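Colleague: I am new to this structure and would be grateful for a close look at a single part of it. Please take me through that part slowly, joining one detail to the next.

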Amino acid sequence: MKLRLLTIGTKMPSWIQTGFDDYYKRIQPMLATDLVELPAAKRAKNPSDANLAQYREQEGNAILQAKGKQEKLWVLDVKGKMLSTEKLADKLSDAMQNGDDIAFVIGGADGVSPEVLANADFKWSLSDLTLPHPLVRVVLIEQLYRAMSINNNHPYHRGN
């Protein structure tokens, strides 16, 4: 199983990069993981709703072009299903047993296009909270690492 993170945005604040890099290094021995940064659409100073739809469409096209033909598309979406870390571990374990490659999608500041959502094999919500998309990178990679720690009987996860 291979896992890729398809993310919109290329220049992250140093504190985001530091947090992401820490868990990215930790997860590699357990699960081959790659980060694919896709550029955000150029935004107008005062965008209209039509502009926002165009941004989502442009970014969505980039996401769908970056997705591998055999990859399952797991999209982070506020309306997606919430999972406990243990359920995420189970879902990743099932995907590994099936030999699935997974592309996780972190959309841009304006969300994910309807086309990406329509192509999603799974829609996952990290929280009811609204999180800035750069921070989602850190939360996602940490949760993936935690789930893989559960699957590998590593002591990192100390949940109930």
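Modeller: A good place to begin is K91, which lies over the face of W74 at 5.1 Å from the ring centre, although it should be kept in mind throughout that this is a predicted model. The charged end of K91 also sits over the ring of F122, where the distance to the ring centre is 4.1 Å. Both of these rings belong to a cluster in which ring pairs link W74, F104, F122 and W124.

The structure holds 7 aromatic pairs. One that joins Y23 to Y156 is edge-to-face, with 6.3 Å from centre to centre and 70 degrees between the planes. Because Y23 lies in helix α1 and Y156 in the segment after α5, this pair ties together parts that are 133 residues apart in sequence. Returning to the cluster, W74 and F104 also form an edge-to-face pair, their centres being 5.3 Å apart and their planes at 80 degrees. Here W74 lies in strand β3 and F104 in strand β4, so the pair ties together parts that are 30 residues apart in sequence. W74 counts as buried at 7% relative accessibility, and F104 is buried as well, with a relative accessible area of 0%.

The helix α3, which covers residues 85–98, can be looked at next. Its 14 residues should span 20 Å at 1.5 Å a residue, and since its end C-alpha atoms are 20 Å apart, the model agrees with that expectation. Within α3, the residues T85, L88, A89, L92 and A95 are buried. They cover an arc of only 125 degrees around the axis, which means that they lie on the same side of α3. On the other side of the helix, K87, Q97 and N98 are exposed. What covers the buried residues of α3 includes β1, β3, β4, β5 and α5, and just after the helix G99 takes a positive phi of about 75 degrees.

One of the covering elements, strand β5, spans residues 122–125 and contains S125. With a relative accessible area of 2%, S125 counts as buried, because that value falls under the 20% cut-off. The side chain of S125 reaches the backbone oxygen of V78 at 3.4 Å. Leaving out residues up to four places away in sequence, S125 touches D77, V78, G80, K81, M82 and L83.

Key: Residues numbered from 1 in each chain as written. Heavy atoms only, no water. Helix = DSSP H or I, 4+ residues; strand = E, 2+ residues; numbered from the N terminus. Buried < 20%, exposed > 50% of the residue type's maximum accessible area, 1.4 Å probe, protein only. Polar contact = N/O pair within 3.5 Å; in protein donor to acceptor, adjacent residues only side chain to side chain. Contact = heavy atoms within 4.5 Å. Expected span 1.5 Å × (residues − 1). Arc of directions from axis to C-beta. Phe/Tyr/Trp six-rings, centres within 6.5 Å; stacked < 30°, edge-to-face > 60°. Lys NZ or Arg CZ within 6 Å of the ring centre and 35° of its normal.
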